[in-house]
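Let's walk through this one together, starting where the chains meet and then moving to a pair of helices.

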Amino acid sequence: MQEEALKMADVIVMSSLIIAGLSGLIILFVVVHRQKILRKEIELKQNEALHQKDLLNAAIAAQEMEQARIAKDLHDDLGALLSSLKLRVTHFERQEPSKEAVGVYSSEMKQMLGDGIQSVRRIVNDLLPPVLKDFGLKEGIEELVTNFRKATEIQINASVSWDDKRLPMEMELPIYRITQELFNNSIKHSKARNIWLHILVDEGKLILEYRDDGKGFDPDTQKRNLGFRNFESRTQALEGTFEFSSESGKGFRAFFEFPIKANDNEQ
Amino acid sequence: MPTPPLVYFSAASILVPALLALWQWSKLNELEKSLARLIFVITVIQGVALLLAEVLKLNNMPLYHFYLVLEFNLLFNLFYYHIFRFKEQRAWVLVLALSVIVFVVNGIWVEHLTRFPSYLRALGCLLSSVLAIVFFVNKLSRVEAVPLKSDPAFWMSCGIFIYYTTNMLLFFYIRMFDDQPELFNYIWVVHSYLNILLYTFYAIALVCRKKP
């Protein structure tokens, strides 16, 4: 009887110790699993930080490129023009020009000033297209399409449809730039024959769909260029979404969606 | 049958977390203070139980019945309000009322107040283990900035989980050895090791967090 009771006690104690071991294992599992979750979370945050840094770098690079382009335009066009104008005026002062020569000089200078004004207009237009400022995104995109149609043989099929309400300026310019960059990419790199652009406003969102039938690229292997990172940074600044798909030989598609915020500029 | 020395040692081991709690009292947060209150209650009740049994040679089981109910209520409050951060004030009243009913029914009709409250202890173990399990499930689904090693709730729950899940079986069957003091002591010695383990976890819970 005593022996049986002792056996029973042993069994109870052993079972309890096994339970203690299992409890320990469960705790160990919790610790290990949580470490795993924590590691993933840290990795995710690091990736996010890297991505943000990448986008910031892209934005800075784009800004610097833009500034360099403006500097080049000012130097090559306007600078050169003003220098030659100054030379002409200096030369003119040193002479005792006849009435006829005054007429020739004056006409040349008028021509040069006219070129200068054109140059200033072009630079201003590149910085902030007046049509965008004065008439809004819809007109701006239409003008952009017209200009690209004139400049290239690619067939551009565009439909831009929404009521004539102006969007906030902080939305209009980035969307204009995105569209411009999309056209530029297709024209420079894709060898496309057709481009389709569809922009519409629906339920408080602006949707931009873009497609070309160019040579496309493999998104997994091809390093994203600055233009792509600009799409991302501009879209992120507008709290929108950006998706794209492409395959070698199968063209390129992009889809943007931007929430429309209240328009402070609306009158 | 003399009580094994380990049983005294395990009872005395509560003094470590109790002294730590007293020493750091002003720096403890609400959760740690709640744990400290539980430790103080255990210290006092263990002291009185030893006094009754060893000095006055009286049956201390009625005190043990009462202690079990009090201990569970303190544990419930600690988890419910300070770890799970629920605000519902009626919850503890409900738990207290149910505990009193269980205490009375068990003490009078199921297990007499003068006998070891085996079933009551097993039930308490089960419910306390559930509290620790809920804590661990929460920890699995949420990622917080505080690492586990500096989380008092984690160390406390580890101690509670190991101690109560293991003791559930020990206490459920300990009744079988009521009339065999040697075997009763054998089980009680195993329990003493677990007791020391639990109080060690309590002590870690009180010191693991960097205090300002």
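Here is a short tour of the interface and of one helix packing.

This is a predicted model, where local features need pLDDT of at least 70, side-chain atom pairs count only at pLDDT 80 or more, and totals for chains, interfaces and linings use all residues. Residues are numbered from 1 along each chain as its sequence is written, chains are lettered from A and ligands numbered from 1 in the order written, and side-chain values use heavy atoms, leaving out hydrogens and water.

Start with chains A and B: each puts 25 residues into the contact (heavy atoms within 4.5 Å). About 2,200 Å² is buried between them, with carbon and sulfur atoms giving 78%; buried area here is the accessible area (1.4 Å probe) lost by two parts on being put together, summed over both. On the chain A side, Ile12(A), Ile27(A) and Arg34(A) lose the most area to chain B, together 28% of what that side buries. That side is made up of 16 nonpolar, six polar and three charged residues. Between the two chains, the salt bridge count is zero (a side-chain nitrogen of Lys or Arg within 4 Å of a carboxyl oxygen of Asp or Glu).

Now look inside chain B, at H4(B) (residues 61–83) and H7(B) (residues 152–173): these helices pack at about 145°, axes 13 Å apart (DSSP runs of H or I, at least four residues; axes are lines fitted to C-alpha atoms over the stretch in contact, with angles from 0 to 180 degrees between N-to-C directions). Among the residues making this contact are Leu75(B) and Phe79(B) of H4(B) and Ile160(B) and Tyr164(B) of H7(B).

Technical notes
Ala, Val, Leu, Ile, Met, Phe, Trp, Tyr, Cys and Pro count as nonpolar, Asp, Glu, Lys and Arg as charged, and the others, Gly among them, as polar. Helices (H or I, at least four residues) and strands (E, at least two) are DSSP runs, numbered from the N terminus.
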